[in-house]
Amino acid sequence: MAPLDRALVFIGFMGAGKTTAVGEVGLALDAEMLDSDDVLEERFGHSIAEEFERNGEAAFRAKEEELVCEMLAYAGSDSVIALGGGSVLSARVRDALEPHVTVLLDIDVKTAWRRAGRGRRPLAGDPESFAKLYEQRRPLYEELADVFLPPDIRPLTDLTRALTNPAFGGVAIRALPWLRALAAFPPGTRLLWAAAESGEYPVLVGRGLVSAGDEDRLARIWPFDRAASRPFCVTDETVGELYGGRLGKLAESIAIPPGESAKTLATAERVWRELAHAGMTRADHLVALGGGVVGDLAGFCAATYQRGVPVVQVPTTLVAQVDSAYGGKTGVDLPEAKNYVGAYHQPAAVLVDPDTLRTLPLAELSAGWVEVLKTALIAGGALWERVCAEAPGLPPEERTILACARLKLAVVAEDERDGGRRQVLNLGHTVGHAIETATVYGRYRHGEAVGLGLLAALRLSGQEQLRAHVRELLSARGLPVALEGVGVDEVVAAVAHDKKRVGAHIPFVLVHAPGDVRVGCEVADRDLRAAVAELVA
Ligand SMILES: NC(=O)c1ccc[n+]([C@@H]2O[C@H](COP(=O)([O-])OP(=O)(O)OC[C@H]3O[C@@H](n4cnc5c(N)ncnc54)[C@H](O)[C@@H]3O)[C@@H](O)[C@H]2O)c1
C-alpha cells in the first residue's frame, strides 16, 4: 500500500481498543506502531499503575506530555500511534495532534467499565469516578477527532484473514481505505463510520467536499471506481441546477420536481424507467443528490431497481444532513399515509458538505432545524443546551450537524429496523406525519409539521414548561405553532394509519425531560384529540 501523508493517531477512553486497532492497522500498512503507554512503561521500567503509586498522577502526566509531544513531532506518514486515554488533557498534546489524522475509538461508559474497570487501571477504581472521568474527557475527544469509529458490532476479528480481506478485520481495518483517503486530505474533513446490522459505510463531512467542484478530491473518497461502476444521479430540478455539475462525470442525471409532492410511486416509476432507458446495470450505482425527498425516493429506487443497486447519498438540506441521509429508511408517500411504501437500504456512503446549506432558502433551513431540535431533545445534555442557544436564521455549527448524525447512527447501530430504540427518532413524527397526510403534502414542509407534532407530543407528555420553551424556539424561527387549514378529525384519522400501529394501539414517543425520551407509550384517544385540538388556531 502507498504511504499515508499524515500519521494515524488513535485516541479514546480506557478500554476503547486503541492498542488492538493500532496493531491491526500497523500490520496492514506495514507501518511503525507506537503505543505511548507501552513506551512509557518501558522508560519507567515498571507499570503505569506503579508509577502512579510512586510519584502520583501529576508527575505521570508531565512525563506523558513530554513523550507524546515528542512522538507526534516525529510521527511521519508511516506511523500509527495509540495515545493513553488521559494524554489529551494536555493542551500541548492537543496542539501537536493538529497535523495528524486523529481517530477516536468511541466507546460507551458501560463497555469501558466492563473492559477496563474494577481497578484494572489506576483511574478505574470505582464506577462513579470512572463515569465522571468519562464525561470530563468525552468533549475533548470529540473536539479532536477527525474520525469517529463506533464500538465494533462484529466481535470476532481474524487478523490473518484481515490482511487479505478487510471484512475479517476490526472496525479500524474495515474503515482503513477511508482513513487513508482522509490522510491525503487537508485537515478539516471528518469521517463517521456508520455501522448497522445489514452493513457499514463511511460518512464524510467536509466543507467544499461537493460544492467546491474539485473532482480529484471527490474521486479520492468516492466509494466506487467510476470506470467499473458508473454513477447515475437522481436529483431535483433546483438542486440539480446548483450542484449537478459538481459531481464529476455522470452516466445520467434525472431531475424530479422539487418538494414533497414528488415523493410518489409515479415519480419512482419515472426514475426506474429512465434508468432502464439509460442502460443502468447492477454493476453501476445511484447517487441521491438533494434533500430528504430525493434521498428517500432515490434510495427506494436503488433498493428496488433490478432488485437492488448501491446508492451514495449526497444530502444538501439540513433535514438530510442531520437525519434522513443516514440509516437506510427509503420510500415514498401514498395519498393514504406518509412513507407507506419503502424498503430498508443502507447507503454505500454519505458525503456531507455543510457549505451546500448556504444556498438553502431560510424557510427550508428553519424547517430543517426542527429535526435538529428533535435530535437535541432525544440527546439532552450539551447538545440540547447548544441547540437552544443557537441563533435563528443561520445554519447550525458543523459540530451540531456532526452530533446529530452521530446520534442517529448510534441509534440505528443498535436497532436498524425500528424494533425498539430506533423509535425514539419518531419523536413528534406521529402527529407530524398525520398533519402532512391530512394536508395532502402541500401545506407544511416536513420540518414544520414535525414542529407541530413535537408540541403535541410534549402536551401528551404533560411537559408544559418544556412545551412552552419549544414553542418559543419554533416561533423565533418563524415556524408554525398553530395548525391551520385542516380539522382535528382529519389529523386524528390520519394518525390511525400510522405505520407503527399494532392492532388498535399506536405507540407514542413521549418526553420526560431532554435526554429522557421513551418509546411505546400508550395514549388515550381523547388525550390525542385534545393535543391536536390545542394546535388548531
Ligand atoms: N429517511 C429518513 O430517515 C427520513 C428522516 C427525516 C425526514 N425524511 C424525509 O425527508 C423529507 C423532507 O426532506 P427535506 O426537508 O430535505 O425536503 P426536500 O428534499 O423537499 O428539500 C426542500 C427544498 O429545498 C430545496 N433544496 C435542497 N437542497 C438545496 C440547497 N442546497 N440549496 C437550495 N435549495 C435546496 C429542494 O429543491 C426543495 O425545494 C420528507 O419526505 C421526510 O419524510 C426521511
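The protein has 22 helices and 16 strands in its secondary structure. Its radius of gyration is 24 Å, close to the 24 Å that the globule rule gives for 537 residues, so the protein is as compact as a globular protein of that length. The model is a predicted one. Along the principal axes, the C-alpha atoms of the protein occupy a box of roughly 75 × 55 × 40 Å. Of the 537 residues, 49% are buried. Among contacts with a separation of 6 or more, 72% are made by residues 24 or more positions apart.

An open sheet of twelve strands can be traced in the order E2-E3-E1-E4-E5-E6-E7-E14-E11-E10-E8-E9, and its pairing is mixed. At the edges stand strand E2 (32-35) and strand E9 (252-256); each has a single partner strand, so one side of each is left without a neighbour in the sheet. On average, and with direction ignored, neighbouring strands of this sheet are turned by 20° against each other.

Within that order, E11 and E14 (residues 349-352) are a parallel pair joined over two bridges. In this pairing Val312 is opposite Ala349 of E14. Helix H13 packs on the sheet, where it touches E8 (231-236), E9, E10 (285-290) and E11. The direction of H13 makes about 170° with that of E10.

Another strand of the sheet, E6 (residues 190-196), contains Leu191. With 23 other C-beta atoms within 10 Å, and 20 being enough for the class, Leu191 is buried. Beyond residues up to four places away in sequence, Leu191 touches Asp146, Val147, Trp178, Leu182, Pro202 and Leu204. Val205 is 14 residues from Leu191 in sequence, and the C-alpha atoms of the two are 6.3 Å apart.

The loop that follows H13 (292-304) and leads to strand E11 (311-315) holds Arg307. Arg307 has a positive phi of about 65°, although it is not a glycine. Arg307 counts as exposed because it has 7 C-beta neighbours inside 10 Å, and the class takes residues with 12 or fewer. A second non-glycine residue with positive phi is Asn339, at a value near 50°. Asn339 sits in the loop between strand E12 (329-332) and strand E13 (341-344). Its 19 C-beta neighbours inside 10 Å make Asn339 partly exposed, since a residue needs 20 or more to be buried.

The next part of the structure is the ligand site. There are 31 residues around the ligand, of which Pro258, Gly291, Gly292, Thr317 and Ser324 come nearest. Two or more residues of this shell come from each of helix H11 (237-243), H13, helix H14 (318-324), helix H15 (362-379) and helix H19 (446-460). By class, the shell is made up of nine nonpolar, 15 polar and seven charged residues.

H15, one of the helices that contribute to the shell, also contains Ala367. What makes Ala367 count as buried? Ala367 has 26 C-beta neighbours inside 10 Å and therefore falls in the buried class. When neighbours within four places in sequence are left aside, the contacts of Ala367 are Arg445, His446, Gly447, Glu448 and Leu479. One of these residues, Glu448, is 81 residues away from Ala367 in sequence, yet the C-alpha atoms of the pair are 5.2 Å apart in space.

The walk ends with a hairpin. Strand E15 (residues 508-513) pairs with strand E16 (residues 516-521) in the antiparallel sense, over four bridges. Two residues lie between E15 and E16 in this hairpin. Gly515, in the turn, has a positive phi of about 95°. Of the facing residues, Ala513 stands opposite Asp516 in E16, and Leu510 stands opposite Arg518 in E16.

Note on methods:
Residues are numbered from 1 along each chain as its sequence is written. This is a predicted model: local features need pLDDT of at least 70, side-chain atom pairs count only at pLDDT 80 or more; totals for chains, interfaces and linings use all residues. A residue is near a molecule or strand if its C-beta atom, placed from the backbone, lies within 6 Å of it. Ala, Val, Leu, Ile, Met, Phe, Trp, Tyr, Cys and Pro count as nonpolar, Asp, Glu, Lys and Arg as charged, and the others, Gly among them, as polar. The radius of gyration is taken over C-alpha atoms; the globule rule is 2.2 Å times the number of residues to the power 0.38. Two residues are in contact if their C-beta atoms, placed from the backbone, lie within 7 Å. Two strands pair if DSSP finds at least two bridges between them. Axes are lines fitted to C-alpha atoms, for helices over the stretch in contact, and angles run from 0 to 180 degrees between N-to-C directions.
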